[in-house]
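Here is a short note to help you find your way around. Please have a look at the structure first, then read on.

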Amino acid sequence: MNHTDHIERAIRELRVTTTAETDKRVLDDAFAALEEAAVAAVILIAFALFLKVLAAKPVSLSQIYGALEKVSNVSIVTFAAGKQEPVQMEWLSQTLKISVFQIGEQFVLLDIANKLQETASLPGGSVQTIPIPENVLATAKKKITGTFGLVPFSDINDMPRAARWSNVSDRKVAAIVPGSKVYDLIWTTPPLNVEFHKWRYFVDGRTKLPKRVEVYLKEGFESDYTLCTYEVVTYPTEAEIKTLVRNIFGPDEDRLGEPEYMGTPEPSRAGTPRKK
Amino acid sequence: MVEDKRLVWELKRGDKEALRRIYEKYKDNLLTVATSLLHDSFAAEDVLHDVFVSFAASVGRLQLRGSLKSYLIISAVNLVRDKFRRKKLRMVGLEQVGQISSNSDGPEQSAIFSEQSRLLTAGLAKLPLEQREVIILHLSGGMKFKQIANLQGTSISTVQGRYRYGLSKLRTILNGEMKK
């Protein structure tokens with residue numbers, strides 16, 4: 001044969017055939033892969049359906065209370081209506097028994113267990129430690145227990161009977177926090193019942209935890225609800241809060257390891273400035 | 001083409017018989033392409049195996065835009081390229097003819113190929129990979145130059161050039177073999 005004349009035809013006619021052994025190996029493994037993929041697909045579909053069912057169920061207010069009571073750490077960023085900059089940032093930890101909040105460039109740590117209040121001015125400022133005033137301590141204790149101030153009534157049973165919990169079906173509203181379910185809690189303040197309150201909840205359908213809470217008020221039947229503030233809520237881990245505290249107030253051993261700051265400080269020690 | 005779409009549709013529903021029929025239909029073509037590209041029958045069988053196992057595993061997500069044959073051949077080419085990268089199989093230039101030592105000139109290769117085919121694939125193995133790909137994909141795989149250009153990420157004219165130069169080199173190589 002002259003290769004140079006028929007080279008294209010010869011390549012076209014090249015034929016390599018598989019052996020029966022190869023066929024068996026390939027098909028056995030391909031069938032196994034097909035079965036595995038089918039099982040994985042079934043699991044995936046079942047899981048997707050499960051999530052869909054979970055997400056489709058309406059969320060009740062008591063579920064939100066229940067979900068918040070299981071949470072140990074919360075971060076709340078508060079905004080005034082129409083403002084882009086937050087009014088306050090707050091980190092609360094039940095397990096660490098601390099509350100940290102930022103106003104402007106000042107950070108305050110309320111160490112509830114040690115009854116100490118530490119104040120740090122950033123960037124690079126000194127940390128001042130004083131005993132927590134009793135009224136502040138009581139408020140801080142109340143805030144880190146239960147529902148972190150994310151519901152207007154610390155006990156659901158304290159809610160006025162006429163309060164209404166309703167789903168907000170407006171898609172534009174739901175789009176503010178994608179993937180969330182939106183509910184309004186509306187009530188009036190007795191005994192006059194002329195002050196109308198509305199807290200709007202953007203809730204994660206799966207965890208039942210609020211991701212955003214908007215606080216509205218209207219005065220009188222005729223007026224409209226006005227947005228006053230809104231809170232963006234996230235749920236950090238204990239480690240994340242520890243890191244935050246360490247970064248702002250210094251390492252634990254520096255802060256809490258010094259004997260003069262353990263327990264309730266004596267009045268003479270209060271207000272002693274300490275470099276970070 | 002219509003039959004292939006129906007087979008893929010059935011396969012997506014977990015029909016093993018559809019997978020078997022697709023395999024029977026394309027196995028020899030894929031093995032020929034892989035063997036011609038790699039010049040190594042063991043490695044080519046591995047490519048065939050991996051193409052079908054991966055095809056079976058991912059068929060649920062498969063959105064077939066072109067033909068099934070092209071899809072499978074392109075999968076095979078990509079695996080071949082991976083093998084080249086992994087094993088650092090170097091492209092063989094024309095000036096190195098005579099120094100080639102393929103690891104597949106053993107009895108298995110002889111059993112599969114006739115003498116003529118063996119000479120041809122040995123000659124192809126001496127071409128640079130890009131030229132070899134164009135020639136094999138066009139002639140054995142039945143792919144158009146445009147499809148090959150897309151696969152190689154180059155222009156049609158470059159692909160046509162690689163085809164012409166490749167064939168010319170192959171003729172030279174085979175003429176040299178014939179004179180021996």
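The points below cover confidence and then the helix packing in chain B.

1. Please keep in mind that this is a predicted model. Its scores are ipTM 0.78 and pTM 0.48. For chain B, the average pLDDT is 81, and 82% of the residues score at least 70.

2. One stretch calls for care: across residues 89-112 of chain B, pLDDT stays under 50. The model has 35 contacts beyond four places in sequence for these residues. Where pLDDT is low, the predicted coordinates should not be read in detail.

3. A good place to start is helix α2 (residues 16-38) of chain B, which packs with α7(B) at an angle of about 160°, their axes lying 10 Å apart. Because of that angle, α2(B) is roughly antiparallel to α7(B). The crossing of α2(B) past α7(B) is right-handed. On the α2(B) side you will find Val33(B), Ser36(B) and Leu37(B), and they meet Arg132(B), Glu133(B), Ile136(B) and Leu137(B) of α7(B). Sorted by class, this contact has 4 nonpolar, 1 polar and 2 charged residues.

4. Next, follow helix α7 (residues 129-139) of chain B to helix α8 (residues 145-152) of chain B: the two pack at about 145°, with axes 10 Å apart. Here too the crossing, of α7(B) past α8(B), is right-handed. From α7(B), the contact draws on Glu130(B), Glu133(B), Val134(B), Leu137(B) and His138(B), while α8(B) brings Phe145(B), Ile148(B), Leu151(B) and Gln152(B). These residues divide into 5 nonpolar, 2 polar and 2 charged.

5. Which residues of α7(B) are worth a second look? Glu133(B) and Leu137(B) take part in the contact with α2(B) and also in the contact with α8(B).

Definitions and conventions
Residues numbered from 1 in each chain as written. Chains lettered and ligands numbered in written order. Predicted model: local features only at pLDDT ≥ 70, side-chain atom pairs only at ≥ 80, totals over all residues. Heavy atoms only, no water. Axes fitted to C-alpha atoms, helices over the stretch in contact; angles between N-to-C directions. Helix = DSSP H or I, 4+ residues; strand = E, 2+ residues; numbered from the N terminus. Left-handed = near helix turned anticlockwise from the far one by under 90°. Contact = heavy atoms within 4.5 Å. Nonpolar A, V, L, I, M, F, W, Y, C, P; charged D, E, K, R; others polar. Parallel < 35°, antiparallel > 145°, perpendicular 65-115°, else oblique. pLDDT = per-residue confidence, 0-100.
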